Structure formats: structure tokens, C-alpha cells
Amino acid sequence: MKKVVVGQAGGPTSVINATLAGFVEEVMDEYKLTFLQNGYEGLVYGNFLDGTDEINSWIVENRHVPGACLGSGRFPLEAEHIEQCVQQLRNIQADALVVIGGNGTMEALSKIEQEAANTGYDLQVIGLPKTVDNDLGGTDHAPGFGSAVRYVAQSTLDISRDLYSMRNFEQVRILETMGRNAGWLALATGFLRRYEEDGPHIILIPERPVKKEIFLKEVDKTIQKNGYAVIVVSEGAKWEGSNQIEKEVVDGRKILGGISSEIEDLIKKELKIMARAELLGMNQRSSSMFVSPVDYKEASQAGSCGGKWLKEGKNKIMVSLQRTKQFDYNISKIPVDLKEVVQEGERLLPDYFIDNRQAYYEWLTPIIGEGLPSYPSPIPRRDSHVGEPF
């Protein structure tokens, strides 16, 4: 019986286990499954979990649970680690390797397949997509993103209403989102904004460095008009002429964060008003209450599709989600060569969406799913004009 090694890598999402469960259900009756514990670190050191009937059933039971049930993590794969990965797979006579992950995961898969081929080892590899940042190349969007958007959009609007009611005490709230070099998630916080008074009023993204002087003028202008300001900033945003702010460096990987606190200090110093920074935190990728039904469905389908392609013998590919029609939402699963995904690199927000936010929000609508509340205006009035955030 063909032996398949399966793992999860990188930052989890609220639907990553749905992808795993979809894959397992598709292949568990035909193949012998072996699971990686703690992602690529588990592969390097041979931390395997035998896919017994009990383990397979346990994984399927985790399909609605956030986090990576097999363990994940960010393990820095060096050249010698790639060789170790291949050797570990040889040791257990694995026929295929399937990993759920983002850009780093797909690059690692491609390197492992190449190393196996160079040593005469016939190894089938398939990547299953996931990311909350939506920066994964080769796909229209990735499972995990829709649910993260649902969380940040609702949280931003709710915090905005809270701050609006307390604007005689506190005038500025700065919310920091995930998104290393891509502003997909930060820009999506304005999805539910319907009234000028509502936040976010200002959104800062990595793709567009900002001048401090212009930013401060916009903050002051917003407060003069509305009495308060809600600012959203991606963790990877930066000032013009400056570098991204790093909290620390772990195993050579830069951990971004802290831009919201810097903005808080800047506003307090220059505008002499009350401001507070707040991280939207791990709930962006782990809130089970905000899972998008569409996102969950597509995550499951990505897993089952990967299982079908495994049985068909497809190799060196990632499952890609692509819209078949522009205005009638329908998703097709298309195999994309792993090398193409790697070559594309991080998928940044296109200028068109940055400059035309309504088009971006229309693009987001089917991914986020239905069921989000609609609030009346924060003040009694008839019109519902929406101003463009900065």
C-alpha cells in the first residue's frame, strides 16, 4: 500500500484542520498515512505519527478546531535540513509528501522534491494552500484568509463604535493587524464601514510607505471632523525612508510588530491627545466564532482535491483556487507548478485594489460569507454616505 506523509507548516489558520481532514477522508481507505508532528521540524528529526484508524478519526474530528492539530511551527530549513528531510522519507519508504502551508512551505516542498530527484528517489509532492495574509502566490486567495478578514472587519467596526461612545475621554485607537509585507488583511478592515463616522478612518499598509507629516495632518483632520479616529496599521507598514519595525529575530526570522505602539507615542507627542495601541492578536487566525462558511468549505475542498490528485499521480503541484467568473462567484481547483508559486513570491496587494477600495470589497464579499450584522448610523440621520478612509 502506498505510504503518504502528511503535515502542516507555518502559522495556523482557523480552517487549516478542515483542509487536513478533507485530505485524510479522501485517501485514508486507499493509502497508508503517516503524519508529521510539528511541521518541517518533525520531518527533519523523524517525528512521525502512524496513521492508525484511531488517529485518522481523531484528525477528522478536529476539522472544526482552530490551530494545527498535528503541530506546526516555523522551522528554518537550511540546505542540510533538506537532505535530512529526504533521508527521513527514504528511511520510512514514503511514496509521497503532502504539506499544508504558505510561501515558505511551497518553497521547501519544491526543494525537497528536487533533492529527492537528484538522488534518484521517486517522491510525489503536493502542496495544499493556507494563509491568513493572502500573500501566497499562484492562487486567487488561500483558505484561512476569508475567516481572518471576517474577524478583523467585525472587530474593527465594533471597536470603532466603542471608541465613538468614549470619544470625550479617548480620541485615537490604533489597531495592528497581521501581514508581513502584504496589506490584504489590513485593508479589509474597512469592509463593514458604512458611515463616515465609523472607523477605520486611516489604514496603513506595507505597499505604501507613509510620510509622518501627512499622516499626522490626516489624524488631526479626522478628529476635528468626527471627534475621534480609528487607525488600522499592518505589522509590516513603515514610514517613508524607514525600515519595518522588528520586535525580535528568532532563528534568523524577523518578527515584525510594534508599529502601532510607535504611532501611539507619535500622536501623543505631536498632537497632545489620548491614544492607545492595540494588537488584534492571534484571534485573527484562530477565532472559531468568526469562521467564514465559504472559507471552511473551500479549505475542506482544497484538501479533498489534493487527495484526488494524489491518486491521479499529479506531482510537484499546489492546489490553486481560481474564480471562473468575475461576477458570478464560482471556484475551480487548478494544479499549479510549485516552481511557479516559488517564482511568484509574496503576493502583494495590487495597486488597483489599493486605489479602488470598493472594488476590493466587492472582490472580498463572497469569500467572507454571509451573516455579519448591519449597524444603523451612530447618529440619527437619513443618509448613509461613506467617506473613503485615508
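How many salt bridges does the count come to in this structure? The exercises below work towards this and related points.

The model is predicted, with local features needing pLDDT of at least 70 and side-chain atom pairs counting only at pLDDT 80 or more, while totals for chains, interfaces and linings use all residues. Residues are numbered from 1 along each chain as its sequence is written, and side-chain values use heavy atoms, with hydrogens and water left out.

**Exercise 1. Count the salt bridges, and describe the one between Lys 311 and Glu 26.**

Step 1. The rule takes a salt bridge to be a side-chain nitrogen of Lys or Arg within 4 Å of a carboxyl oxygen of Asp or Glu. By this rule the count is 16 salt bridges.

Step 2. In the bridge between Lys 311 and Glu 26, the closest N and O atoms are 2.7 Å apart. Lys 311 belongs to helix 11 (residues 293–312) and Glu 26 to helix 1, so the pair ties together parts that are 285 residues apart in sequence. Helices here are DSSP runs of H or I with at least four residues, strands are runs of E with at least two, and both are numbered from the N terminus.

Step 3. For the surroundings, buried means under 20% relative accessible area, exposed means over 50%, and partly exposed lies in between (1.4 Å probe, protein chains only). Lys 311, at 29% relative accessibility, is partly exposed.

**Exercise 2. Describe the salt bridge of Asp 198 with Arg 161, and state whether the two residues are buried or exposed.**

Step 1. The side chains of Asp 198 and Arg 161 meet at 2.6 Å, N to O. Since Asp 198 is in the loop between helix 7 and strand 7 whereas Arg 161 is in helix 6, the pair ties together parts that are 37 residues apart in sequence.

Step 2. Both Asp 198 and Arg 161 are buried.

Step 3. The same loop, between helix 7 (184–187) and strand 7 (202–204), also holds Pro 200, and the peptide bond that leads from Gly 199 to Pro 200 is cis, with omega near 5°.

**Exercise 3. Trace the salt-bridge network that contains Arg 173.**

Step 1. Arg 173 forms a salt bridge with Glu 278, in which the closest N and O atoms are 2.8 Å apart. This pair links distant parts of the chain, with Arg 173 in strand 6 (residues 172–177) and Glu 278 in strand 11, 105 residues apart.

Step 2. Arg 173 is buried, at a relative accessible area of 8%, whereas Glu 278 is partly exposed at 28%.

Step 3. The network of salt bridges links Glu 170, Arg 173, Arg 276 and Glu 278.

**Exercise 4. Work out which residues of helix 3 are buried and what they pack against.**

Step 1. Within helix 3 (residues 53–61), the buried residues include Asn 56, Ile 59 and Val 60. Because they cover an arc of only 100° around the axis, taken from the directions from the helix axis to the C-beta atoms, they are on the same side of helix 3.

Step 2. Glu 54 and Glu 61 are exposed on the other side of helix 3.

Step 3. The buried residues of helix 3 pack against helix 1 (16–27) and strand 2 (32–36), where contact means heavy atoms within 4.5 Å.

**Exercise 5. Compare the settings of Asn 38 and Asn 134, given that each has a positive phi.**

Step 1. Asn 38, a residue other than glycine, has phi near 65°, and it lies in the loop between strand 2 and helix 2 (39–44). For Asn 134, which is likewise not a glycine, phi is about 60°, and its place is in the loop between strand 5 (124–129) and helix 6 (145–165).

Step 2. Asn 38 is partly exposed, with a relative accessible area of 39%, while Asn 134 counts as buried at 1% relative accessibility.

**Exercise 6. Decide how many disulfides there are, and examine Cys 85.**

Step 1. A disulfide is defined as a pair of cysteine sulfur atoms within 2.5 Å, and by this rule the count is zero disulfides.

Step 2. The closest cysteine sulfur to that of Cys 85 belongs to Cys 69 and is 20 Å away, which is too far for a bond.

Step 3. Cys 85 is buried, with a relative accessible area of 0%, and Cys 305 also counts as buried, at 9%.
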